[in-house]
Amino acid sequence: MLDLNTVVVISFAILAFFSLIVVIVLIPIALQCSRTLSSLQSLLDTINDDIKPTVKEIKQSVYGVKDALKKGTSVLEGSTSEASIFVASSAHGFLAGVKEYLSLCKTDENSYNSNGSSNIRG
């Protein structure tokens, strides 16, 4: 029959064997996890070093375009205002000129209906 000490020794031997197997399996897994974490750290460093400045440059470009559009819009609004004033002034000047021309043409001797009378025949 088996002695209690023999059972304990066999149990420790089995435990040591399986522990050795677990350690042999865990070492490559731990090394791979270490390499994966270092690669992740490298990726995060790349993101911080390369992508943040790129995003910052894109934001600055967008703000630059926005500012240029605001300036262009204000110039366009000013030009539109000046153009409408010019058109209104030109139309007023033209109508004033036509009115003056027609008032010079209308006299008692030379009326619109060319009969010497300012009365219009019906």
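The residue Ile 29 has its place in helix H1. The exercises below concern this predicted model.

**Exercise 1.** Determine whether Ile 29 counts as buried, partly exposed or exposed.

*Solution.* Buried means under 20% relative accessible area, and exposed means over 50%. The relative accessibility of Ile 29 is 45%, so this residue counts as partly exposed. Ile 29 also helps to make a nonpolar surface patch of about 810 Å². Other members of the patch include Ile 10, Ile 14, Phe 17 and Phe 18.

**Exercise 2.** Classify the geometry of the aromatic pair in the structure.

*Solution.* The structure holds 1 aromatic pair. The ring centres of Phe 17 and Phe 18 are 5.6 Å apart, and their planes stand at 65°. Centres must lie within 6.5 Å for a pair, and planes over 60 degrees apart count as edge-to-face. The pair is therefore edge-to-face. Phe 17 is partly exposed, with a relative accessible area of 48%; Phe 18 is likewise partly exposed, at 49%.

**Exercise 3.** Compare the expected span of helix H1 with the distance between its end C-alpha atoms.

*Solution.* The protein has 1 helix and 0 strands. Helix H1 covers residues 4-105, which is 102 residues. The expected span is 1.5 Å times one less than the number of residues, so H1 should span 152 Å. The end C-alpha atoms are 142 Å apart, which agrees. H1 also has a kink of about 30° at Ile 51, shortly before Pro 53.

**Exercise 4.** State what percentage of the residues in the protein is buried.

*Solution.* Of the 122 residues, 1% are buried. The protein exposes about 10,800 Å², of which carbon and sulfur atoms supply 69%.

How values were computed:
Residues are numbered from 1 along each chain as its sequence is written. This is a predicted model: local features need pLDDT of at least 70, side-chain atom pairs count only at pLDDT 80 or more; totals for chains, interfaces and linings use all residues. Side-chain values use heavy atoms; hydrogens and water are left out. Helices (H or I, at least four residues) and strands (E, at least two) are DSSP runs, numbered from the N terminus. The bend at a residue is the angle between axes fitted to the seven residues ending there and the seven starting there. Patches are made of residues with over 30% relative accessible area and no salt bridge: like charges are joined within 9 Å, nonpolar side chains (Val, Leu, Ile, Met, Phe, Trp, Tyr) within 5 Å. Accessible areas come from the Shrake-Rupley method with a 1.4 Å probe; for residues, only the protein chains shown count as cover. A salt bridge is a side-chain nitrogen of Lys or Arg within 4 Å of a carboxyl oxygen of Asp or Glu. Buried means under 20% relative accessible area, exposed over 50%, partly exposed in between (1.4 Å probe, protein chains only). Rings of Phe, Tyr and Trp (its six-membered ring) pair if their centres lie within 6.5 Å; planes under 30 degrees apart count as stacked, over 60 as edge-to-face and the rest as tilted.
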